[in-house]
Amino acid sequence: MKVVGGLGLAGPYRSEQEFKTAWLRKVSTRCYAGSTFFEIENEEKEPGFPDVMRHGITKICEFFEMKVADKNGWFELQKTQPRFYRMHPDLDITIVVWHEGEHKIYYLTAKEVADMVLAKQSLRIRIGDFNG
């Protein structure tokens with residue numbers, strides 16, 4: 001898990017779509033200049049597929065799943081997401097979580113999230129659970 005700062009995002013975000021739009025606007029100019037981003041809405045054809053794909057100048061692709069956690073740090077996954085992460089461990093998938101209570105962004109790996117879902121036996125998990 002990484003805490004990401006310096007993007008200038010402030011929230012509040014009422015939805016993952018609203019957060020995704022703000023995040024894309026910032027990272028496309030500040031963090032990933034020269035990259036191309038694709039918003040992907042592919043749940044019907046490939047259940048669990050992430051929200052965003054980044055194609056970098058090195059021709060490597062990264063994938064991002066956007067989540068908004070409540071003021072206590074809780075966020076929820078769709079049941080197809082942890083399964084997709086386990087089935088495709090070689091894809092570079094980052095779960096980007098906006099923590100409404102802390103006004104911070106957390107980056108979690110797909111493995112971290114899938115392992116936590118399995119450990120908690122719940123699709124509703126909390127950022128604080130990743131700290132120890």
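Helices and strands here are DSSP runs, helices of at least four residues (H or I) and strands of at least two (E), numbered from the N terminus.

**Figure 1. Overview of the protein chain in this predicted model.** Let's start with the whole chain. By that definition, the protein chain has three helices and eight strands. Reading from the N terminus, the elements come in the order β-α-β-β-β-β-α-β-β-α-β. Along the principal axes, the C-alpha atoms fill a box of roughly 40 × 30 × 25 Å. The radius of gyration is 14 Å, and this agrees with the value near 14 Å that a compact globule of 132 residues would have.

**Figure 2. Surface and interior of the protein chain.** Of the 132 residues, 43% are buried. The accessible surface comes to about 7500 Å², and carbon and sulfur atoms account for 51% of that surface. If you trace the contacts with a separation of 6 or more, 53% of them link residues 24 or more positions apart.

**Figure 3. The open sheet of six strands.** Follow the strands across the sheet and you will meet them in the order β1-β7-β6-β4-β3-β2, with mixed pairing. At the edges are β1 (2–4) and β2 (36–39), each of which pairs on one side only. From one strand to the next, the twist averages 30°.

**Figure 4. Close-up of β2 and β3.** Here we look at one edge strand, β2, beside its partner. Strand β3 covers residues 52–55 and pairs with β2 in the antiparallel sense, over four bridges. A handy place to look is Phe 37, which stands opposite Arg 54 in β3.

**Figure 5. Helices α1 and α3 against the sheet.** Helix α1 is made of residues 16–30 and lies across β2, β3, β4 (61–69), β6 (93–99) and β7 (104–109). The direction of α1 is at about 135° to β4. Helix α3, residues 110–120, also packs on the sheet, where this helix touches β6 and β7. The directions of α3 and β7 make an angle of about 85°.

**Figure 6. Ser 35 and its neighbours.** Ser 35 sits in the loop between α1 and β2. Is this loop residue, Ser 35, buried or exposed? Ser 35 has a relative accessible area of 18%, so Ser 35 counts as buried, the cut-off being under 20%. Leaving aside residues up to four places away in sequence, Ser 35 touches Arg 54, His 55 and Gly 56. With Arg 54 there is a polar contact between side chains, at 2.5 Å. You have met Arg 54 already, as the residue in β3 opposite Phe 37.

**Figure 7. Thr 80 in helix α2.** Thr 80 belongs to helix α2, which covers residues 80–87. With a relative accessible area of 12%, Thr 80 is buried. Which backbone atom does the side chain of Thr 80 reach? The partner is the backbone nitrogen of Gly 48, at 3.2 Å.

**Figure 8. Ile 57, an exposed loop residue.** Our last stop is Ile 57, in the loop between β3 and β4. Its relative accessibility is 67%, so Ile 57 counts as exposed, for which the cut-off is over 50%. Now look across to Lys 120, which is 63 residues from Ile 57 in sequence. In space, the C-alpha atoms of Ile 57 and Lys 120 are 38 Å apart.

Definitions and conventions. Residues numbered from 1 in each chain as written. Predicted model: local features only at pLDDT ≥ 70, side-chain atom pairs only at ≥ 80, totals over all residues. Heavy atoms only, no water. Pairing = 2+ DSSP bridges. Axes fitted to C-alpha atoms, helices over the stretch in contact; angles between N-to-C directions. Contact = heavy atoms within 4.5 Å. Rg over C-alpha atoms; globule rule 2.2 N^0.38 Å. Buried < 20%, exposed > 50% of the residue type's maximum accessible area, 1.4 Å probe, protein only. Areas by Shrake-Rupley, 256 points an atom, 1.4 Å probe, with all protein chains shown as cover. Polar contact = N/O pair within 3.5 Å; in protein donor to acceptor, adjacent residues only side chain to side chain.
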